[in-house]
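Biologist: I would like to get to know this fold, one question at a time. Please walk me through it.

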Amino acid sequence: MTHSTKSWLLALAGATMLLATPALANETIRVGAPLPLTGPLSPEGLKQQRGYDLWAETVNAAGGITAGDMTYDVEIVYVDYESQTPRAVQTAERLITADEVNFLFAPFGSGAAKAASSVAERYQIPMVAATASSVEVYDQGYQYLFGTFTPNNTLTDPLAAIVADSGEDISTVAIYARNDLFPLAIAKEMEKSAGDNGIEVISFDEYAIGTMDHASAMTLMMRSKPDWIFATGYINDLILIRRQMADLGIEPKALTMLAGPAYKEFIEATGDLSNNVSSAAWWHPAVAYDGEGIFGATADFVSAFETKYDSTPDYAEASAAAAGVVLQLAIEDAGTIEPTAVRDALAAMDAMTFYGPVHFGENGQIDSLEPPVFQIQDGATKTIYPEEIKQADMRFGGIE
């Protein structure tokens, strides 16, 4: 073999090796997500998972997240804490120390989010809470916690005003609350909102987590003949309460429940008993925002969700997807995945998304949204507030 022939073969082999070498893969951002995927809160946990999954899959299909001169795919690391708050705290720490996640999505609800936020703060890992509204979560002086739910009074104030101004002669309300951080906190906010609107709170009763028989408490409540009943809890609680109210023949002039009626599962489980139940939420598919971020406009997000899951998204699913969007925007604005820089970008955020305008107050809680009030009418959810997305007037009385 001549020297020139040998050189040509070596060059050809080198070229072949270059052609066979795959393009460098993106780096990976790992986001920890402790969720109640089993246990009584599993319906809510699975909703959050759907929102997170849609965001991550959409990001990766679009080529990933670009931060500076790096591009990252998203991996969400789920851990089931079985609807037990102490385990939520343990899993949050494990996700940081053992799984080495870059960021955290908070556990479900205000109670677990508050408990786990101390872990994120200690390790200085930004944590976005998609389902925590109670001010008690955000009054700890933490710097690494951000939430996509407005405070509870942004739901109770418009509800109380609508009822008070209805002309239906509603002057009293009975409040029935699950003894848990969010359900109890929003019940106390309604106590204030009702009083501010001239409605007398004639009873305020609590029920324990896991209560299966509400008949005695409801019977006692009805002795004072309230015009309006305001009940709080999670979806399984409220389905049970609504059924037991029907069994007892309890039909007040107005019935409001938080936070289950926003889910289609509530309508499916209670049927005609869901009609005229009013509620409020932090988002509704009827809103229309032309947003930045991976989903763009509200209608585009709704379409993407319906394509993937064959159902219309509710506020919990939308908020979870929005948590991903705001984290992505913060990473892109920071130009790095360094935790403190991303934290600073979240604190400075002023963006429009499919979910609505996103700006966080000094305590980390979003302060830029006006949550919709709605009512189930004829088996469908209809918005009744604010005016720009109003679909119907509020109805009063029993089942129609």
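Modeller: Happy to! One term first: contact means heavy atoms within 4.5 Å. This is a predicted model, so local features need pLDDT of at least 70 and side-chain atom pairs count only at pLDDT 80 or more, while totals for chains, interfaces and linings use all residues. Residues are numbered from 1 along each chain as its sequence is written, and side-chain values use heavy atoms, leaving out hydrogens and water.

Biologist: Of the contacts in the protein chain with a separation of 6 or more, what percentage comes from residues 24 or more positions apart?

Modeller: Let me set the scene with the C-alpha trace, which spans about 105 × 40 × 35 Å along its principal axes. Among contacts with a separation of 6 or more, the share from residues 24 or more positions apart is 67%.

Biologist: How many helices and strands does the protein chain have?

Modeller: Both are DSSP runs numbered from the N terminus: helices are H or I with at least four residues, strands E with at least two. On that basis the protein chain comes to 13 helices and 15 strands.

Biologist: What percentage of the 400 residues counts as buried?

Modeller: Buried means under 20% relative accessible area, exposed over 50%, and partly exposed in between (1.4 Å probe, protein chains only). Thr-232 in strand E9 (residues 228-232) is one residue to look at, and it counts as buried because its relative accessibility is 0%. Leaving aside neighbours within four places in sequence, its contacts include Tyr-176, Pro-183, Tyr-207 and Leu-258. For the protein chain, the buried share of the 400 residues is 52%.

Biologist: H3 and H4 catch my eye; at roughly what angle do their axes cross?

Modeller: Axes are lines fitted to C-alpha atoms, for helices over the stretch in contact, and angles run from 0 to 180 degrees between N-to-C directions. Helix H3 (residues 85-97) and helix H4 (residues 109-123) have axes that come within 9 Å, crossing at roughly 25°.

Biologist: Are H3 and H4 roughly parallel or roughly antiparallel?

Modeller: In H3, residues including Ala-88, Ala-92 and Ile-96 take part in the contact, and in H4 the partners include Ala-112, Ala-116 and Val-119. Angles under 35 degrees count as roughly parallel, over 145 as roughly antiparallel, 65 to 115 as roughly perpendicular and the rest as oblique. The axes cross at roughly 25°, which makes H3 and H4 roughly parallel.

Biologist: And which residues of H11 make the contact with H2?

Modeller: The axes of helix H2 (residues 42-61) and H11 come within 11 Å and cross at roughly 105°, so H2 is roughly perpendicular to H11. From H2 come Arg-50, Asp-53, Leu-54 and Glu-57, and from H11 come Phe-301, Ala-304, Phe-305, Lys-308 and Tyr-309.

Biologist: Phe-301 is aromatic pair material; at what angle do the planes of Phe-295 and Phe-301 lie?

Modeller: Rings of Phe, Tyr and Trp (its six-membered ring) pair if their centres lie within 6.5 Å; planes under 30 degrees apart count as stacked, over 60 as edge-to-face and the rest as tilted. That rule gives 20 aromatic pairs. Phe-295 and Phe-301 make an edge-to-face pair, with centres 5.1 Å apart and planes at 75°.

Biologist: How far apart are the ring centres of Phe-354 and Tyr-355?

Modeller: Both of these residues, Phe-354 and Tyr-355, are buried. Their planes lie at 65°, so the pair is edge-to-face, and their centres are apart by 6.3 Å.

Biologist: Which residue lies over the face of Tyr-263?

Modeller: Tyr-263 belongs to an aromatic cluster with Phe-108, Phe-149, Phe-182, Tyr-234, Trp-282 and Tyr-315. A charge sits over a ring if NZ of Lys or CZ of Arg is within 6 Å of the ring centre and within 35 degrees of the ring normal. At 4.2 Å from the ring centre of Tyr-263, the residue over its face is Lys-47.

Biologist: Now the backbone: what is omega for the peptide bond from Leu-258 to Ala-259?

Modeller: Most peptide bonds are trans. Tyr-385 and Pro-386 are joined by a cis bond, with omega about 0°. Ala-259, in the loop between strand E10 (254-258) and helix H10 (264-270), also follows a cis bond, from Leu-258, with omega near 10°.

Biologist: Last one: is Asp-310 buried or exposed?

Modeller: Asp-310 lies in the loop between helix H11 (298-309) and helix H12 (315-334), and its phi is positive, near 55°. Asn-276 also has a positive phi, about 75°, and is buried at 5% relative accessible area. With a relative accessible area of 72%, Asp-310 is exposed.
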